[in-house]
Amino acid sequence: MILDGKVVAQKVLDEVRAGVARFRGTAGVAPRLAVVLVGDFAPSKIYVANKKKAADNVGIAVQDHLHPEGLDRRALLALLGRLSADRRINGILLQLPLPAGLDEDEAIAAIDPAKDVDGLHPVNLGRLLAGAATVVPCTPGGCMEILDHYGCELKGAEAVVIGRSRLVGKPLAQLLLGRHATVTMCHTRTRDLAAHRDRGVSPQQE
């Protein structure tokens, strides 16, 4: 079965737009997202442009911090610290990957967990592992939204996650486990990937 994500994406955007309107009604201002892009990596610039377009579409104010010339470690950590302390900023998006020479783990840890919109701060990942309410990385969260939209029964399902990245594979596996799926995680060292893939059949499809 092919699941069309476009319909679900529009539904999510409508829900976020309504949430932004409620926030504006309570706070008197639009929520503000700080976007930090270091370096001149072309795919990252495209991703950031698309994220900004989506934010504009739902009424989120975007504050750009674009540094195509790069930043050294001290300057990047100082910037993230200032944004974390700035009460006018509600969320921080640090576009990855960072240029060579910058430690992504260190940079992510410098962000206030409450403002970490990607859900990659160790505190947020730890809460996800513990099954507590937290910010969920967007791609795994989107996968779960799509599965729910189409009424996929996850309890008891055989779920196969291909990829073990911090951004997608590992969080998605935790979300599926939290819904009582039986999860197999495949990666670059997995033997006979096709055999594992073909086991990913929900009880509805058997």
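Student: How much space lies in the second largest cavity?

Tutor: About 40 Å³. Keep in mind that this is a predicted model. As for the general idea, rolling a probe the size of a water molecule over the atoms shows where empty space is left.

Student: Which residues line the second largest cavity?

Tutor: Look for Arg 73, Leu 76, Leu 77, Leu 102, Asp 103, Glu 106 and Ala 107. Two elements give two or more residues to this lining: helix H3, residues 73–85, and helix H4, residues 104–109. H3 supplies the largest share, with three residues. Sorted by class, the lining of this second largest cavity holds four nonpolar, no polar and three charged residues.

Student: How many cavities of 30 Å³ or more does the count come to?

Tutor: The count comes to two. The largest cavity has a volume of about 50 Å³.

Student: What lines the largest cavity?

Tutor: Start with Ile 92, Leu 93 and Leu 94, then add Leu 96, Ile 108, Ile 111, Asp 116, Asp 118 and Leu 120. Strand S3, residues 91–94, gives the largest share of that lining, three residues. In terms of class, the lining of the largest cavity divides into seven nonpolar, no polar and two charged residues.

Student: Now for pockets. What volume does the largest pocket have?

Tutor: A pocket is an open set of points, while a cavity is a set where the probe fits but cannot get out. Here, the largest pocket has a volume of about 1,700 Å³.

Student: Which residues lie nearest the centre of the largest pocket?

Tutor: Lys 51, Ala 54, Val 117, Asp 118 and Cys 138 do, out of 44 lining residues. You've met Asp 118 before, in the lining of the largest cavity. The elements giving two or more residues to the pocket lining are helix H1 (5–27), strand S1 (32–38), helix H2 (42–58), S3 and helix H6 (138–149). The largest share, ten residues, comes from H1. By class, the pocket lining has 26 nonpolar, nine polar and nine charged residues.

Student: Let's turn to strands. In what sense do S1 and S2 pair, and over how many bridges?

Tutor: S1 and S2 pair in the parallel sense, over seven bridges. To find one facing pair on screen, go to Val 38, which stands opposite His 67 in S2. S1 also runs parallel to S3, and four bridges join these two strands. In that pairing, Val 35 has Leu 93 of S3 as its bridge partner. Leu 93 also belongs to the lining of the largest cavity.

Student: How many residues of S1 are buried?

Tutor: Six of its seven, so S1 counts as mostly covered, given that buried means under 20% relative accessible area.

Student: What kind of unit do S1, H2 and S2 make?

Tutor: They make a right-handed β-α-β unit. Another right-handed β-α-β unit is made by S4, helix H7 (residues 169–178) and S5.

Student: How many bridges join S4 to S5?

Tutor: Five bridges join strand S4, residues 158–162, to strand S5, residues 182–186, and the two run parallel. Two bridge pairs to look up are Glu 158 with Thr 182 and Val 161 with Met 185.

Student: Which residues of S4 are on its covered face, and which on the uncovered one?

Tutor: The general idea first: in a regular strand the side chains alternate between the two faces of the sheet. In S4, Ala 159 and Val 161 make up the covered face, and Glu 158, Val 160 and Ile 162 the uncovered one.

Student: How about single residues? Is His 65 buried or exposed?

Tutor: His 65 counts as buried because its relative accessibility is 16%, and the cut-off for buried is under 20%. His 65 sits in strand S2, residues 61–67. Its side chain makes a polar contact of 2.8 Å with the side chain of Gln 63.

Student: And what is the relative accessible area of Glu 15?

Tutor: Glu 15 has 40%, so this residue is partly exposed. You'll find Glu 15 in helix H1. For a sense of distance, Glu 15 and Arg 166 are 151 residues apart in sequence and 26 Å apart in space, C-alpha to C-alpha.

Conventions: Residues are numbered from 1 along each chain as its sequence is written. This is a predicted model: local features need pLDDT of at least 70, side-chain atom pairs count only at pLDDT 80 or more; totals for chains, interfaces and linings use all residues. Side-chain values use heavy atoms; hydrogens and water are left out. On a 1 Å grid over the protein atoms alone, a cavity is a set of points where a 1.4 Å probe fits but cannot get out, and a pocket is an open set with protein on both sides within 12 Å along at least five of seven lines; lining residues have an atom within 4 Å of a point. Grid points are joined across faces, edges and corners, and a volume is the space filled by probe spheres set on the points. Ala, Val, Leu, Ile, Met, Phe, Trp, Tyr, Cys and Pro count as nonpolar, Asp, Glu, Lys and Arg as charged, and the others, Gly among them, as polar. Two strands pair if DSSP finds at least two bridges between them. A crossover is right-handed if, with the strands pointing away from the viewer, the path from the first strand over the helix to the second runs clockwise. Buried means under 20% relative accessible area, exposed over 50%, partly exposed in between (1.4 Å probe, protein chains only). A polar contact is a pair of N or O atoms within 3.5 Å; within protein, one must be able to donate a hydrogen and the other to accept it, and residues adjacent in sequence count only if both atoms are side-chain atoms.
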